[in-house]
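Student: I've got a model open on my screen and I'd like to talk through it. Can you take my questions one at a time?

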Amino acid sequence: MKKQTAGRDSLGDFAPKFAELNDDVLFGEVWSREDKLSLKMRSIVTVTALISKGMTDNSLVYHLTTAKQNGVTRTEMAEILTHVAFYAGWPNAWAAFRMAKEVYAGDTEAEEHGGFFGMGEPNVSFAKYFTGNSYLKPLTDSSKTVFIANVTFEPGCRNNWHVHHADKGGGQLLICVDGEGWYQEAGKPAQSLKPGDVVTIPAGVKHWHGAKANSWFSHLAVECPGENTSSEWLEPVTDEIYNALED
C-alpha cells in the first residue's frame, strides 16, 4: 500500500490530528491489512459505502480512481454500480456512473485477465498440451529459485491429463488468483476453484486443470523442489468429460 499523505498535505496545519488519523490509521493501518482483505476488495467496499451514503463528490472520484489502480476493471465497475443501484438508489448510481465514465475514459482496450499478476504472453511452447488458448507469465527465474508462473486460461480452456514425476519430493502447488476453474484427479470428482483456493498436487498423481466454460481463470503454478523431476503429458480432457462438469 502506497504511503498516504493527503491528510497532511491538505490539513496538516489546520487539523494535524485528523491528518494523522487519515494518513497513519485509516490508510496506514486499515487499508494496509492486505493479508485480511485485498486492496481490490477494500476499494469495492469503499465505493459501495460512499454511493450508499450519497457521497458522489471528489472523494468518490478519488476512490473510483483508486479502485481502477487496485485492479477493478471497467466491466467490473459497471456491474458493481448496476448492482448497487438496487440497494443505494437509482439517482446515486446515475451520479456515480457519470464519475466512473470519466475515470475509465479511454479504457476501452480488450479486458485484461490474469488477476494482480497480469496475463502474460500466449503459452505457445505448451500449446499442444492445451485445449483452447492459455497464457503464461513467469514470475521467477528457475535457475535461481523455485519456479513460479501465472497461468491464465480462456473460458473453456484446459490442459491435458498429466503427471508430475519425481524420485523424491516434487509435485506442484496451484494458487488460484482470478476467475473460476476446475481441478480434477483421475478417478475423483472435479473440484471447483475460485480465487484464494490452493491445490496441492503430489508427484505421481494424474490430473488436469483449467477454466470453467463461462469464465477466464488464472492460477499461480509453483514447481515443488524434488529429485529427478519431470512432467509427463497425456491425452486431452475430452469434451464429454468437460461438458459434464457442474458447479
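Student: Which residues do ring pairs link into a cluster?

Tutor: Keep in mind that this is a predicted model. By the pairing rule, the count of aromatic pairs comes to 12. Some of those rings join up through their pairs, and the cluster consists of Phe-126, Tyr-129, Phe-130, Phe-153, Phe-217 and Trp-233.

Student: What kind of pair do the rings of Phe-27 and Tyr-62 make?

Tutor: Look at the distance and then the angle. The ring centres of Phe-27 and Tyr-62 are 6.4 Å apart, and a pair needs centres within 6.5 Å. Their planes stand at 90 degrees, so the pair is edge-to-face.

Student: How many residues apart in sequence are the parts that this pair, Phe-27 and Tyr-62, ties together?

Tutor: Phe-27 belongs to helix H2, while Tyr-62 belongs to helix H4 (residues 58-69). Because the two rings sit in those two helices, the pair ties together parts whose separation in sequence is 35 residues.

Student: Is Phe-27 buried or exposed?

Tutor: The cut-off for buried is under 20% relative accessible area. Phe-27 has 7%, so Phe-27 is buried. Its partner Tyr-62, at 36%, counts as partly exposed. For Phe-27, then, the word is buried.

Student: What about Phe-130 and Phe-153: is that pair stacked, edge-to-face or tilted?

Tutor: The centres of the Phe-130 and Phe-153 rings are 5.8 Å apart. Planes under 30 degrees apart count as stacked and over 60 as edge-to-face. Here the planes are at 40 degrees, so the pair is tilted.

Student: Which strands hold Phe-130 and Phe-153?

Tutor: Phe-130 is buried at 12%, and Phe-153 is buried at 0%. The pair ties together parts 23 residues apart in sequence, because Phe-130 lies in strand E2 (residues 130-131) and Phe-153 in strand E4 (residues 148-153).

Student: Which strands are the edges of the open sheet of six strands?

Tutor: The strand order is E1-E3-E4-E13-E8-E11, with antiparallel pairing. An edge strand pairs on one side only, and that description fits strand E1 (121-122) and strand E11 (198-201).

Student: In E13, which residue is the bridge partner of Cys-176?

Tutor: Strand E8 (residues 172-179) and strand E13 (residues 217-223) are antiparallel partners over seven bridges. For Cys-176, the bridge partner in E13 is His-219.

Student: Which ring does the charged end of Lys-212 sit over?

Tutor: A charge over a ring has to be within 6 Å of the ring centre. The charged end of Lys-212 is 4.8 Å from the centre of its ring, which belongs to Trp-182.

Technical notes. Residues are numbered from 1 along each chain as its sequence is written. This is a predicted model: local features need pLDDT of at least 70, side-chain atom pairs count only at pLDDT 80 or more; totals for chains, interfaces and linings use all residues. Side-chain values use heavy atoms; hydrogens and water are left out. Two strands pair if DSSP finds at least two bridges between them. Helices (H or I, at least four residues) and strands (E, at least two) are DSSP runs, numbered from the N terminus. Rings of Phe, Tyr and Trp (its six-membered ring) pair if their centres lie within 6.5 Å; planes under 30 degrees apart count as stacked, over 60 as edge-to-face and the rest as tilted. Buried means under 20% relative accessible area, exposed over 50%, partly exposed in between (1.4 Å probe, protein chains only). A charge sits over a ring if NZ of Lys or CZ of Arg is within 6 Å of the ring centre and within 35 degrees of the ring normal.
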